[in-house]
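Dear colleague,

Please find below the structure that I am handing over to you. A summary of what was found in it follows directly after.

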2 protein chains.
Amino acid sequence: MKLLEDRIRAEGRVLPGGIIKVDGFLNHRVDPKLMQALAAELRRRFPDPGVTVILTCEASGIALGEACAEAFGVPMVFAKKAKSDNIEGGLYKSEIFSYTYKKTVTLIVAKDWLSAADRVVIVDDFLANGEALRGLVEIVRQSGAELVGIGVAVEKGFQPGGQKLREQGVKLESLAIIESADENGITFRAE
Amino acid sequence: MKLLEDRIRAEGRVLPGGIIKVDGFLNHRVDPKLMQALAAELRRRFPDPGVTVILTCEASGIALGEACAEAFGVPMVFAKKAKSDNIEGGLYKSEIFSYTYKKTVTLIVAKDWLSAADRVVIVDDFLANGEALRGLVEIVRQSGAELVGIGVAVEKGFQPGGQKLREQGVKLESLAIIESADENGITFRAE
């Protein structure tokens, strides 16, 4: 998606270790107009009229999740990353490894909010190793819901998450796929 | 705000210890139409044309934050709750006690995204003891930005956070203020 690629070229920064910093518009400061444009594009790529829920996980997926929920006209559910007092029993759970925080975390979703009657589009801001998305897919499977597909803003194409999901037959739509990122700049995979 | 009070009456549940569960539409599953209505009401209550940023904190403030950013036509910044590898130096920091997780956490905002030139509306889904909002106000003060006010979806009026903020002279707009919540039901403060 040219709008997103242009924004990443203009404002993204590459840090050592292949970390791509887009925190000025995607995942720390968030540009709501961009979120709405990304959500409209994901709605276009997932035209299925039967989608019932947008699923994402805290924290940085939530802004795009909210914009997608508005665009699809359905609720957004966000998986939480730890058990708090406000969540009772009756949970779907999936353990993932967080490369950001370098530890295992448990994604949880209350069974009240996802069931076999649902048709789910998962969204997230970033796809690198794919651990968060693997956990969300596992939760969809536990619930018996149908996974319509996964929409991601930025995929790091040089890390294995995207390929693993595609090999499983998941319909994965990444709005910008970064092929390489280093001191020479950022290169995108052709659409 | 009658729309929100009606929704809390219809779908909210009271757990032991005064915990009010509204996770079916506010902070686990999120109703995007409700978020847009709350955001429009907050825009009406903060008509200041000079607002430059919506500030909230992860995770459950982000959906309302995104909707408010859309309504105000400005970026949303969400404070993060721990240092990750993706955030370099140059941070505003504020320590708060999380009653949800029963531990001290540090709110952080990159200095890149908040400065003395900003005019800030803070938003959050819930106000009880007010620790998260105290931390966000502290970060606004560190940045030198002007605090226009604070907008909250649900205030627990029987806990001290709201009173503390009002005593400091902060313009606080809570869209529903719960006076009492027990097995007999939920009572709201008259507007």
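I begin with helix α3 of chain B. In this predicted model, 11 of the 11 residues of α3(B) are buried, so the helix is largely enclosed by the rest of the structure. The buried residues run from Ile62(B), Ala63(B), Leu64(B) and Gly65(B) through Glu66(B), Ala67(B) and Cys68(B) to Ala69(B), Glu70(B), Ala71(B) and Phe72(B). Two glutamates, Glu66(B) and Glu70(B), are thus among the buried residues of this helix. Just after α3(B) comes Gly73(B), which takes a positive phi of about 70°.

The meeting of the two chains

The helix α3(B) also has a part in the contact between the chains. On the side of chain B, 31 residues are in contact with 32 residues of chain A. The elements of chain B that give two or more residues to this side are β2 (19-21), β3 (29-30), α2 (32-45), α3 (62-72) and β5 (76-79). Of these, α3(B) provides the largest share, six residues. By character, the residues on the side of chain B that touches chain A divide into 16 nonpolar, six polar and nine charged.

How are the two copies related? Chain B can be laid on chain A by a turn of 180° and a shift of 0.0 Å along the axis, with an RMSD of 0.0 Å. The two copies are therefore related as by a two-fold rotation axis. Among the residues of chain B, Ala59(B) comes closest to that axis, with its C-alpha at 2.5 Å. In addition, 100% of the interface residues of chain B are also interface residues in chain A, so the copies meet through the same surface.

Sheets and strands

The chains are also joined by strand pairing. Strand β3 (residues 29-30) of chain A pairs with β5(B) in the antiparallel sense over two bridges. Val30(A) stands opposite Met76(B) in β5(B).

An open sheet of seven strands takes in strands of both chains, in the order β11(A)-β10(A)-β9(A)-β8(A)-β4(A)-β5(A)-β3(B), and its pairing is mixed. Its edge strands are β11 (185-188) of chain A and β3 of chain B, each of which pairs on one side only. Within this sheet, β8 (residues 119-127) and β9 (residues 146-156) of chain A are parallel and pair over eight bridges. Val123(A) stands opposite Gly151(A) in β9(A).

Helix α4 (residues 131-143) of chain A lies across β4 (53-57), β5 (76-79), β8 and β9 of chain A, and runs at about 170° to β8(A).

A separate pair of strands in chain A also deserves a mention. Strands β6 (residues 91-98) and β7 (residues 103-110) of chain A run antiparallel and are joined by eight bridges. Leu91(A) has Ala110(A) in β7(A) as its bridge partner. The two strands, β6(A) and β7(A), form a hairpin with four residues between them, and Lys102(A) in the turn has a positive phi of about 55°.

Helix α4 of chain B

At 1.5 Å a residue, the 13 residues of helix α4 (residues 131-143) of chain B should span 18 Å, and the end C-alpha atoms are 19 Å apart, which agrees. The buried residues of α4(B) include Leu133(B), Leu136(B), Val137(B), Ile139(B) and Val140(B), as well as Glu131(B) and Ser143(B). Gly144(B) follows α4(B) and has a positive phi, near 80°.

With kind regards

Key. Residues numbered from 1 in each chain as written. Chains lettered and ligands numbered in written order. Predicted model: local features only at pLDDT ≥ 70, side-chain atom pairs only at ≥ 80, totals over all residues. Least-squares fit on C-alpha atoms with pLDDT ≥ 70 in both. Contact = placed C-beta atoms within 7 Å. Nonpolar A, V, L, I, M, F, W, Y, C, P; charged D, E, K, R; others polar. Pairing = 2+ DSSP bridges. Axes fitted to C-alpha atoms, helices over the stretch in contact; angles between N-to-C directions. Buried ≥ 20, exposed ≤ 12 C-beta atoms within 10 Å, placed from the backbone. Expected span 1.5 Å × (residues − 1).
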